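Me: Please take a close look at one residue in this structure and the part of the fold around it. I would like to know what it touches, how that part is built, and how far the model can be trusted.

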Amino acid sequence: MFTVTSKRVLQRLRTTTTIPTRIRWHGGPTVSKDAPTVNVTFLQPDETKKTVQARVGETLLQTAHRNDIDLEGACEGVCACSTCHLILSQDLYDSLPEPSEDEEDMLDMAFGLQETSRLGCQITVSEDMEGVVLEMPKATRNFYVDGHVPQPH
């Protein structure tokens, strides 16, 4: 139950602060194991290709983690780092919604930034992605802790 003071604080916050309308959950959206899938290929830093089944509705970061692809995601998918940086084909890049300002800010810190760079935690797999190739950069910048490898939930 709110007190009068906390109601006033909330009212003041609402009128003086921009409150984000997008809720970010660590790990990304929950997607059924029975969800439809599409084949996507990760071009890994060592130039090997790994084709996996991505569940429609999950993020590309979730797809990578579920398939033991070394796409870090130090912030656990909340758009607070650049360690899930991917380089997309021009066609795929053009088909996606514009990146948010938050994503653009994080991409500014990405190693090997390209015109078609996006964060894997911000791209939701769709049926249109069948057969796409996603290039992983040769390195990442992790300002969290050297050697820390987050574990998916």
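Reply: **One residue and its surroundings**

M136 sits in the segment that follows strand 5 (133-135). The model is a predicted one, and every value below is computed from it. With a relative accessible area of 4%, M136 is buried, because the cut-off for that class is under 20%. Setting aside residues up to four places away in sequence, M136 touches F42, L43, Q44, P45, I69, D70, L71 and L86. For one of these partners, L43, the C-alpha atom is separated from that of M136 by 5.9 Å, although the two residues are 93 apart along the chain.

The contact with F42 leads into strand 1. Apart from neighbours within four places in sequence, F42 is in contact with T48, K49, K50, V52, L60, T63, A64, I69, L86, L134 and M136. I69 and L86 are thus among the contacts of F42, and they are also among the residues that M136 touches.

F42 and L86 appear again in the largest nonpolar core, which has 27 residues: V40, F42, L86, M129 and L134 touch the most other members. Strand 1 (37-43), strand 2, helix 2 and helix 4 (101-107) each supply at least two residues of this core.

**The hairpin**

Strand 1 and strand 2 pair in the antiparallel sense, over seven bridges. In this pairing T37 stands opposite R55 of strand 2. The two strands form a hairpin with five residues between them. E47 lies in the loop between strand 1 and strand 2, and its phi is positive, about 75 degrees, although E47 is not a glycine. Most residues other than glycine have a negative phi.

**The loop after helix 2**

I69, D70 and L71, which M136 touches, follow directly on D68 in the numbering. D68 is found in the loop between helix 2 and strand 3, and its phi is also positive, near 55 degrees, in a residue other than glycine. D68 has 69% relative accessibility and so counts as exposed, the cut-off being over 50%. E72 belongs to the loop between helix 2 and strand 3 (85-87) as well, but at 17% relative accessibility E72 counts as buried. Between the C-alpha atoms of E72 and S82, ten residues apart along the chain, the separation is 9.1 Å.

On cysteines, a search of the whole structure finds zero disulfides. C75 is in no disulfide, and the nearest cysteine sulfur, that of C81, is 3.7 Å away. C75 counts as buried at 12% relative accessibility. For C79, the closest cysteine sulfur is in C121, and at 5.1 Å it is too far for a bond, because a disulfide needs the two sulfur atoms within 2.5 Å. C79 counts as buried too, at 4% relative accessibility.

C121 also figures in the contacts of T59, which lies in the loop between strand 2 (49-55) and helix 2 (60-66). Leaving out neighbours within four places in sequence, T59 is in contact with P29, G120, C121, I123, T124 and V125. T59 is buried, with a relative accessible area of 5%.

**The chain as a whole**

The chain has four helices and five strands, and along the sequence they follow the pattern α-β-β-α-β-α-α-β-β. Of its 153 residues, 39% count as buried. The chain exposes about 9,800 Å², of which carbon and sulfur atoms supply 51%. Among contacts between residues at least 6 apart in sequence, 64% join residues at least 24 apart. The contact between M136 and L43 belongs to this second group, since these residues are 93 apart along the chain and the bound is at least 24.

**Confidence**

How far does the predictor's confidence extend along the chain? The average pLDDT is 84, and 75% of the residues score at least 70. Over residues 1-6 the pLDDT is below 50, and this stretch has two contacts in the model beyond near neighbours in sequence. The pLDDT is below 50 over residues 15-24 as well; beyond near neighbours, that stretch has five contacts. Where pLDDT is low, the predicted coordinates should not be read in detail.

How values were computed
Residues are numbered from 1 along each chain as its sequence is written. This is a predicted model: local features need pLDDT of at least 70, side-chain atom pairs count only at pLDDT 80 or more; totals for chains, interfaces and linings use all residues. Side-chain values use heavy atoms; hydrogens and water are left out. Buried means under 20% relative accessible area, exposed over 50%, partly exposed in between (1.4 Å probe, protein chains only). Contact means heavy atoms within 4.5 Å. A nonpolar core is a set of buried Ala, Val, Leu, Ile, Met, Phe, Trp, Tyr and Cys residues joined through side-chain atoms within 4.5 Å. pLDDT is the predictor's confidence in each residue, from 0 to 100. Two strands pair if DSSP finds at least two bridges between them. Accessible areas come from the Shrake-Rupley method with a 1.4 Å probe; for residues, only the protein chains shown count as cover.
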